[in-house]
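This report addresses a sheet with its packed helices, followed by salt bridges between side chains. The sequence and model are shown below.

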Amino acid sequence: MGIKDLLKFMKSYIEPIHIKKYAGKRVGIDAYSWLHKGAYSCSMEICLDLDSDKKLRYLDYFMHRINLLRHYKITPVVVFDGASIPCKAATEHERHRRRESNRDLAMEKLKEGNVNAASELFQRAVSITPLMASKLIQILRSENVEFVVAPYEADAQLAYLSSLEAEEGGIVAVITEDSDLLAYGCQATIFKMDRYGNGEEIVLDKVFDAVACKPSFQYFNRELFTGMCVLAGCDFLPSVPGIGIVRAHSYVSKYRNLDRVLSVLKLEKLNQMPEDYCKSFKEALAVFQHARIYDANIKKLKHMKPLSQDLQDSLDEKLDFLGPYPISVR
């Protein structure tokens, strides 16, 4: 188990909601989350690049949900991923390898005449291309829907917007399928929103304040929570063997100090812990807290949260892993 299993681990904190709860508010949308879900219905057409209207169904999927939000007087703020962040290179390479493998298997099933099996594999193989994102952006522009292309991770940009007041361009919740938004510290995150506006929500303040719920996060703060997510294994750092979300929660609950947790892990997992794990852990934690984002008010890149001098010293001023500056475009 890793951060991808966070929702399963935190199921007692999930509350069913309808999106109309946020009527009159600004809500962030993880663009690639909806693009991926929309692409499932036309994955074969996209993967085979067929000249068919069905290939554009992902746009209908996306705009149906945008119009649903607007029906309830919600202002959608759509955020797209930007350039690749260096510390995620290994994860992206592995995902690309898996997609290519699934595409090859899908082609084999198609040649055998097994269309159902091929369709399922094409869903696992489909990739959202810059052209697909560009087509959506054209529609969003024509419909006057607010959108932002993040300099790097959309998650970091959404988390930053979640920290702002409405008059500063802030948002009150994020709609996504990515549990990383919790690790980034988004206050209210909505998952599994259907075509009617029903979904599931986790509110972080409720998680930290809850007394009776299990697992307990009563003595956690946002840094400890994010540290738990990194320990469990995330896109920026694989976990130490034997450490999943349950064990990570146990360590953080017991010691309530991330440096202490790392010291204990070093003793207990001496032969399994990579030599540079502590340094990589601090870098991964820093990405979730200080990744570079775009500030529309000053029209410049900055860190999601300011870097302390101590952190800069501990990282030896080598900060490109937070998103190189200037941006290196994909």
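Is Asp49 buried or exposed? In this predicted model, Asp49 is exposed, with a relative accessible area of 58%.

## Sheet architecture

Seven strands form an open sheet with mixed pairing, in the order β1-β7-β6-β5-β2-β3-β4. Its edges are β1 (15-18) and β4 (146-149), each of which pairs on one side only. On average, and with direction ignored, neighbouring strands of the sheet are turned by 30 degrees against each other.

At one of these edges, β4 pairs with β3 (residues 75-80) in the parallel sense, over 4 bridges. Within this pairing, Val77 has Glu146 of β4 as its bridge partner.

## Helices on the sheet

Helix α7 (residues 130-142) packs on the sheet and touches β3 and β4. The direction of α7 makes about 155 degrees with that of β3.

Helix α8 (residues 154-162) also packs on the sheet, where it touches β2 (26-30), β3, β4 and β5 (173-175). For α8, the angle to the direction of β3 is about 145 degrees.

## Salt bridges

The model contains 19 salt bridges. One of them links Asp49 to Lys55, with the closest N and O atoms 2.8 Å apart. Asp5 and Lys8 form another, at 3.8 Å between the closest N and O atoms; Lys8 is exposed, with a relative accessible area of 57%.

Lys302 and Asp295 also meet in a salt bridge, at 2.9 Å from N to O. Here Lys302 is partly exposed at 29% relative accessibility, whereas Asp295 is buried at 5%. Elsewhere, salt bridges with shared partners join Lys88, Arg95, Glu153 and Asp235 into one network.

Technical notes. Residues numbered from 1 in each chain as written. Predicted model: local features only at pLDDT ≥ 70, side-chain atom pairs only at ≥ 80, totals over all residues. Heavy atoms only, no water. Salt bridge = Lys/Arg side-chain N within 4 Å of Asp/Glu carboxyl O. Buried < 20%, exposed > 50% of the residue type's maximum accessible area, 1.4 Å probe, protein only. Pairing = 2+ DSSP bridges. Helix = DSSP H or I, 4+ residues; strand = E, 2+ residues; numbered from the N terminus. Axes fitted to C-alpha atoms, helices over the stretch in contact; angles between N-to-C directions. Contact = heavy atoms within 4.5 Å.
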